[in-house]
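Hello,

Here is the structure I said I would pass on. My notes on it follow below.

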Amino acid sequence: MSKLQIPSQSLVAVAGDAPAEIVEEIRNLLSAEPIFWDINNPTVAKAGLIAELREKGRAIALLPRYHDAALRDLARIAKGRGSVPVAIIDEPGQAQLHFDNVGGFKSVFEGVPMPNDRRADEGPFDIIGDVHGCAREFMTLLERLGYADNGWEDAGPADWRAYIRPHAAGRKAVLLGDLVDRGPHNYASLLIARQLVRFGGYFAIGNHDDKVARWLMGRDVVMKGAIVETAKELSNLSVAHRTELGRWILSNERHYMLDQGRLVVAHAGLAEHLHGRRTKEADAFATYGLTDPDAPNDPDGYPARIDWAHDYSGDAFVVHGHVVYDDVRIKNRVISIDTGCVFGGKLTSLQWPEQVITSVDAEKAYVEGRFASASEALSPNRWKRLRQLIPRRINHDPCAHWRSPMDMMRHG
Ligand SMILES: [Mn+2]
């Protein structure tokens, strides 16, 4: 008999007269207390479930009988909070349309991790910063790291992916997002990334990828800034191919937990209380970072970023891109490796767990950009204000000296 999969962050709706042992099993699987859903007056149950999902990402709803509207409601509640809607009912009916997993009272259950929970994958990994269409530097780096055969330079950009191969030593590439925009070879960058993911790698979606994906799928996006040039390059593709490519981009996750939870990767990083979560808050943080709503925009017109790494005290190392530094930056256990290739800097990778940094210099500055200083300290006053905006607070003095637990070697 096939097993009904119950991801670790699910809202399980049990509808009808289910045997007590089924409810008990679900309860043990999710370690959550069932909440009774009164079909005539669901207000209390709704509030209770939302609170559970917000806190833990998992909850159980017990419905006295099959009820379409109630099940639809529950599926919506789950999806709106990044949890998987699972239904256990004897008459599937409309529920099939709204629930990711549906089983009956005779189902055998299997707890499974969420798609971004890859803690069982111990790598080793090669984590690569923002590519931004710099596919030549991307290929050069991949060749150096052992993911690409030489000879690619004689082929056209659309064929570069044919030179990508699984790493001989079983290593996996981890792409930190922003594959596209600003640089010359966006399509090639996406194809190369896709091949790396096919070979067991990971791609954490960045803000530029997200916007381009939505454009590819024909959704409304503001056609201003870097996407204008990218759209020109990609508009040669057929509508069907564009849609499919956009879907592929968005089929990846916003962040991943890897290596027994020792490593978290996301485009813009992730505060500890959001590790493993797939809520809107977690996704927004992982993709866009944390910005200061009260501060004036920076000289380039972008919202001022909150340097949340100062407040980070988690055990997991968080490796991210998004913020362009003149060199790899380490604060606590937060490692920033976007060294601004598209701005004429370099494309950088971090080998995990070896902690070796490899960089490829940009062949040129494709667009003008600013580099933050990796060694610059935050003024105590600015920090005092900023830390009030970070959701999870800690007690240690953020302006004391930060010492990196990593002893990095460099080559390349
Ligand atoms: Mn970015």
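The domain assignment splits the chain in two, with domain 1 covering 3–112 and domain 2 covering 118–411. Please keep in mind that this is a predicted model.

Taken over C-alpha atoms, the centres of domain 1 and domain 2 are 35 Å apart. Contact between them involves four residues of domain 1 and five residues of domain 2. On the domain 1 side, the touching residues comprise three polar and one charged, with no nonpolar residue.

Next, the sheet. Five strands make up an open sheet, in the order β3-β4-β2-β5-β6, and their pairing is parallel. The edges are taken by β3 (34–36) and β6 (101–103); each has a single partner strand, so one side of each has no neighbour in the sheet. From one strand to the next, the twist averages 20°.

At the β3 edge, the pairing with β4 (residues 59–63) is parallel and runs over three bridges. One residue to look up there is F36, whose bridge partner in β4 is L62.

Two helices go with these strands. Helix α1 (residues 20–30) packs on the sheet and touches β2 (10–15), β3, β4 and β5 (84–89). The direction of α1 makes about 175° with that of β2. Helix α2 (residues 43–56) lies across β2, β3 and β4, and runs at about 160° to β4. Both α1 and α2 therefore appear in the notes on β2, β3 and β4.

Regards

Note on methods
Residues numbered from 1 in each chain as written. Predicted model: local features only at pLDDT ≥ 70, side-chain atom pairs only at ≥ 80, totals over all residues. Pairing = 2+ DSSP bridges. Helix = DSSP H or I, 4+ residues; strand = E, 2+ residues; numbered from the N terminus. Axes fitted to C-alpha atoms, helices over the stretch in contact; angles between N-to-C directions. Contact = placed C-beta atoms within 7 Å. Domains from an automatic or database assignment. Nonpolar A, V, L, I, M, F, W, Y, C, P; charged D, E, K, R; others polar.
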